[in-house]
Amino acid sequence: MKLTYYGHSCFGIETNGVHLLFDPFISGNPLASHIDVNSVPADFILISHGHQDHVLDVEVIAKRTGAKLISNFEVINWFAAKGFENGHSMNHGGGYDFDFGRVQYVNAVHSSSMPDGSYGGNPGGFVVTPKGSSSSFYYAGDTALTYDMKFIGDQNDIAFALLPIGDNYTMGIDDAVRCAEFVGTNKIVGLHYNTFPPIQTDLDRASRTFSQSGKDLILLEIGQIRDMNF
Ligand code: NI
Ligand code: MN
């Protein structure tokens with residue numbers, strides 16, 4: 001399984017030849033100015049919540065690729081009203097078996113309005129279990145630390161987790177370590193840091209804190225591709 005980091009909370013996963021793209025926010029991210037939105041592959045676009053820094057490039061990528069959108073009911077309806085009718089709506093706790101594998105939409109403690117201020121449902125994260133695998137990965141979305149994450153660890157074998165570490169709007173470093181403990185993984189990809197002044201993050205401290213807990217924090221360059229050995 002190949003992971004490509006596009007900056008902020010946006011990443012692509014290639015599994016079984018299918019490209020999953022999460023929370024595309026590229027053209028508005030000055031740190032990602034070397035990424036061409038028109039070259040980002042997507043068969044499915046998974047959207048954790050409605051905030052601009054997670055949906056900005058959904059339309060341009062969906063228009064080019066015809067990718068199916070996966071998100072909560074309200075986010076999917078918002079895009080459908082704009083003509084993007086290839087969507088699959090979910091709600092919290094529900095899972096669905098797509099051709100590439102199973103996706104469960106899970107709780108996040110955050111908010112979710114759309115860029116125009118309309119209601120974006122409640123925010124979430126995703127547990128993805130590729131077809132033919134007994135392990136999963138967890139993308140938390142924007143969230144606080146919550147005990148609900150223990151259920152994710154109880155119910156799934158999480159091979160790796162993609163977690164926000166930037167603090168202020170989401171978990172910071174120390175809560176992200178606890179989240180990794182709750183979901184039961186030692187392999188974490190850090191997201192949602194440094195993009196804006198309030199989420200400037202001490203990455204040395206982040207790496208140190210995770211390694212002191214016996215965990216490996218993976219911090220990717222924007223544009224970097226990593227084989228997740230999964
Ligand atoms: Ni947000
Ligand atoms: Mn965000």
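Which strands does helix H2 (residues 58-65) lie across? Helix H2 lies across strand E3 (18-22), strand E4 (44-46) and E5, as the first view shows.

The structure is a predicted model, in which local features need pLDDT of at least 70 and side-chain atom pairs count only at pLDDT 80 or more, while totals for chains, interfaces and linings use all residues. Residues are numbered from 1 along each chain as its sequence is written, chains are lettered from A and ligands numbered from 1 in the order in which they are written, and side-chain values use heavy atoms, with hydrogens and water left out.

**View 1. The sheet from E6 to E14, with helices H2 and H3.** An open sheet of seven strands, with mixed pairing, follows the order E6-E5-E4-E3-E2-E1-E14. Its edge strands, each paired on one side only, are strand E6 (87-90) and strand E14 (225-227). From one strand to the next the twist averages 20°. Helices (H or I, at least four residues) and strands (E, at least two) are DSSP runs, numbered from the N terminus, and two strands pair if DSSP finds at least two bridges between them. Strand E5 (residues 68-72) runs parallel to E6, joined by four bridges, and Ser 71 stands opposite Ser 89 in E6. Helix H3 (residues 73-81) packs on this sheet, touching E5 and E6 (contact means heavy atoms within 4.5 Å), and its direction makes about 140° with that of E5. Helix H2 runs at about 165° to E4. Axes are lines fitted to C-alpha atoms, for helices over the stretch in contact, and angles run from 0 to 180 degrees between N-to-C directions.

**View 2. The sheet from E7 to E13, with helix H5.** Seven strands in the order E7-E8-E9-E10-E11-E12-E13 form an open sheet of mixed pairing. Strand E7 (95-98) and strand E13 (216-218) are the edge strands. E7 pairs with strand E8 (residues 101-107) in the antiparallel sense over four bridges; Arg 102 in E8 is the bridge partner of Asp 97. Helix H5 (residues 173-183) packs on the sheet and touches strand E10 (136-139), strand E11 (158-164) and strand E12 (187-191).

**View 3. The largest nonpolar core.** This core has 74 residues, and those with the most contacts inside it are Phe 22, Ile 45, Phe 79, Tyr 138 and Leu 163. A nonpolar core is a set of buried Ala, Val, Leu, Ile, Met, Phe, Trp, Tyr and Cys residues joined through side-chain atoms within 4.5 Å; buried means under 20% relative accessible area, exposed over 50%, partly exposed in between (1.4 Å probe, protein chains only). H5 supplies the largest share of the core, seven residues. Among the residues that Leu 163 touches are Tyr 138, Met 171 and Ile 188.

**View 4. The nickel ion (ligand 1).** His 49 (NE2), His 51 (ND1), His 110 (NE2) and Asp 142 (OD) are its protein donors, 2.2 to 2.3 Å away. Donors are N, O and S atoms within 2.8 Å of the metal (3.2 Å for Na, K and Ca); water is not among the atoms, so sites may look incomplete. His 49 is buried, with a relative accessible area of 0%, and His 51 is buried at 17%.

**View 5. The manganese ion (ligand 2).** Asp 53 (OD), His 54 (NE2), Asp 142 (OD) and His 192 (NE2) coordinate this ion at 2.1 to 2.2 Å. His 54 lies in helix H1 (residues 52-55) and Asp 142 in the loop between E10 and helix H4 (148-155), so the pair ties together parts 88 residues apart in sequence. Both His 54 and Asp 142 are buried. Asp 142 coordinates both the manganese ion and the nickel ion, which are 3.2 Å apart.

Conventions
Lists of a residue's contacts leave out its neighbours within four places in sequence.
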